[in-house]
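Biologist: Could you take me closely through one part of this model, the aromatic rings and what sits around them? I would like a connected account rather than a list.

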Amino acid sequence: MLNTESIMARLTSMAEPEYAVFSAHLIPNPPPVLGVRLPLLRRYAAELAKDPAGVDRVLEVLEALDPAPLETRMLRGMVLGCVKLPDEERWQHLESFLPLADNWSLCDSTAAGCKFMRRAPSFWLPKLEELAGRNEEFPARFGLVCLTDHFTADPEGRRRTLAACAAAPCPALYTRLGAAWAICEVAVREPELGLAFLKEDSLDDFTHNKAIQKIRESHRASPEYRAAVQLLKRG
């Protein structure tokens, strides 16, 4: 029977105390962590997405879970990535979920599963641009990471991702790191575009220099390209 107790029992059965300690060290001010590895969580999310109880019941139960443990929120975000829902309805569920995505791990693990966005760029690109434009650290990061994960393989997506990075107003650390990561991904996929963007001087110093650092650390960037972007470093 699908209920909060059965879900918590399943999560507890998959938990590894030593992995919980390791995971908690990666997150600033960590929430309670059970210690369930991401592949197991994704497998369970895919299972729940097909539960005979139906999508509405699955989402209802997930929303009723104790939101304190990291994995209960991760599971909810992952299920939203794999259930079958109309785009507008899925967006509404994501909107209600995003206030719970209050750390980079939860934000990024949810974003990685949102592959459905690639099938409807005309719907999702404006939503992600709007999120990136919010002055809230993790909703903005979620928008930027989804752009990075799902739209930088496409030339138009790369240009819109860079525009979203340039326009993102939130000064918080994990938003700026999300923007730097997005710029790096665009740059290694389309080096001339990335270089031209960095020359535009449209970023704050931290994001600009962090993007250059990430490009220089990328094995996908040629030595010549890494040297060229290093010349653009500020300070």
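Modeller: In this predicted model, the structure holds 5 aromatic pairs. One of them joins Phe 123 and Trp 124, whose ring centres are 4.9 Å apart and whose planes meet at 75 degrees; because an angle over 60 degrees counts as edge-to-face, that is how this pair is classed. Trp 124 has a relative accessible area of 0% and is therefore buried, the limit for that term being under 20%. The pair also belongs to a wider group, since ring pairs link Phe 123 and Trp 124 with Trp 91 and Phe 116 into a cluster.

Phe 116, a member of that cluster, has a charged neighbour as well: the charged end of Arg 90 sits over the ring of Phe 116, at 3.9 Å from its centre. A comparable arrangement involves Tyr 19, where Arg 37 lies over the face of the ring, 4.4 Å from the ring centre.

Turning from the rings to the backbone, most residues other than glycine have a negative phi. Asn 29, which is not a glycine, has a positive phi of about 50 degrees, and its place is in the loop between α2 (17–25) and α3 (38–49). With 76% relative accessibility, Asn 29 counts as exposed. Asp 201 likewise has a positive phi, near 65 degrees, and is found in the loop between α12 (191–199) and α13 (205–217); its relative accessible area of 53% makes Asp 201 exposed, as the cut-off for that term is over 50%.

Note on methods
Residues numbered from 1 in each chain as written. Predicted model: local features only at pLDDT ≥ 70, side-chain atom pairs only at ≥ 80, totals over all residues. Heavy atoms only, no water. Helix = DSSP H or I, 4+ residues; strand = E, 2+ residues; numbered from the N terminus. Buried < 20%, exposed > 50% of the residue type's maximum accessible area, 1.4 Å probe, protein only. Phe/Tyr/Trp six-rings, centres within 6.5 Å; stacked < 30°, edge-to-face > 60°. Lys NZ or Arg CZ within 6 Å of the ring centre and 35° of its normal.
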